[in-house]
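Trainee: I have a model open and would like to learn how to read it feature by feature. Could you walk me through it?

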Amino acid sequence: MSHATSGMPARPVVLDWRHGTIGPLAPCVLCEIPTVCRSPVKDVPCHKACAETWITSHAGSSADRARLIRRYTPGRGELR
């Protein structure tokens, strides 16, 4: 019998992008669909949902997931 959580997807990531900016319409760096959203850390065109999905699917462990969330969420007082 398999473990009950073995096929369950990882808990979705929720990034704090309150300090994100907007810019001219440009393709998202992850999905290539046009967006006005800009990553608050790298200032590149990116949908918040695309960034959250990317982290959820690429984190190999809970520590890796935490590292990616910290890396792509601005700290207190940081705008970029």
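Mentor: Gladly! Keep in mind that this is a predicted model. Let's begin with the elements: the protein chain has two helices and two strands.

Trainee: In what order do the elements of the protein chain run from the N terminus on?

Mentor: Reading from the N terminus, the order is β-β-α-α.

Trainee: Next, the overall surface. What share of the 80 residues counts as buried?

Mentor: For this protein chain of 80 residues, 26% count as buried. The chain exposes about 5700 Å², and carbon and sulfur atoms supply 60% of that area. You can also look at how far apart in sequence the contacting residues are. Among contacts with a separation of 6 or more, 41% are between residues 24 or more positions apart.

Trainee: Let's turn to the strands. How do strands β1 and β2 run, and how many bridges join them?

Mentor: Strand β1 covers residues 21-27 and strand β2 covers residues 34-38; they run antiparallel, joined by four bridges. To see the register, find threonine 21, which stands opposite arginine 38 in β2. The two strands form a hairpin, with six residues between them.

Trainee: What does glycine 23 touch, leaving aside its neighbours within four places in sequence?

Mentor: Glycine 23, in strand β1, is in contact with Val36 and Arg38. Its C-alpha atom is 6.8 Å from that of arginine 38, although the two residues are 15 apart along the chain. Is glycine 23 covered up by all this? Its relative accessibility is 23%, so glycine 23 counts as partly exposed.

Trainee: Now backbone angles. Which residue in the turn of the hairpin has a positive phi?

Mentor: That is glutamate 32, with a phi of about 70°, although glutamate 32 is not a glycine. You will find glutamate 32 in the loop between β1 and β2. It is exposed, with a relative accessible area of 64%.

There is another case to look at: aspartate 43, also not a glycine, has a positive phi of about 55°. Aspartate 43 is found in the loop between β2 and α1, and at 34% relative accessibility it counts as partly exposed.

Trainee: How should I read the interior?

Mentor: Start with the general idea: in soluble globular proteins, nonpolar side chains tend to be buried together. In this model the largest nonpolar core has 10 residues: Val13, Leu15, Trp17, Cys28, Cys46, Cys50, Ala51, Ile55, Leu68 and Tyr72. Helix α1 gives the largest share of this core, three residues.

Trainee: Which residues of helix α1 are buried?

Mentor: In helix α1, residues 48-58, the buried ones are Cys50, Ala51, Glu52 and Ile55. The buried residues of α1 pack against α2, which spans 62-71. Take alanine 51 as an example: leaving out residues up to four places away in sequence, alanine 51 touches Leu15, Trp17, Leu30 and Cys46.

Trainee: There is a glutamate on that list. Is glutamate 52 buried or exposed, and what are the numbers?

Mentor: Glutamate 52, in helix α1, has a relative accessible area of 13%, so it is buried. The side chain of glutamate 52 makes a polar contact with the side chain of lysine 48, at 2.5 Å. Leaving out residues up to four places away in sequence, glutamate 52 also touches Val13, Val14 and Leu15.

Trainee: I see cysteines in the core as well. How many disulfides are there?

Mentor: The general idea is that a disulfide is a covalent bond between the sulfur atoms of two cysteines. The cut-off used here is a pair of cysteine sulfur atoms within 2.5 Å. By this rule the count comes to zero disulfides.

Trainee: Why is the sulfur of cysteine 28 not in a bond with its closest cysteine sulfur?

Mentor: The closest cysteine sulfur is in cysteine 31, and the sulfur of cysteine 28 is 3.9 Å from it, which is too far for a bond. Cysteine 46 can be read likewise: its closest cysteine sulfur is in cysteine 28, at 4.2 Å, again too far for a bond. As for burial, cysteine 28 has 2% relative accessibility and so counts as buried. Cysteine 46 is buried too, with a relative accessible area of 5%.

Trainee: Thanks, I'll go back through the model with these in hand!

Technical notes:
Residues numbered from 1 in each chain as written. Heavy atoms only, no water. Buried < 20%, exposed > 50% of the residue type's maximum accessible area, 1.4 Å probe, protein only. Contact = heavy atoms within 4.5 Å. Core = buried A, V, L, I, M, F, W, Y, C linked by side-chain atoms within 4.5 Å. Polar contact = N/O pair within 3.5 Å; in protein donor to acceptor, adjacent residues only side chain to side chain. Pairing = 2+ DSSP bridges. Areas by Shrake-Rupley, 256 points an atom, 1.4 Å probe, with all protein chains shown as cover.
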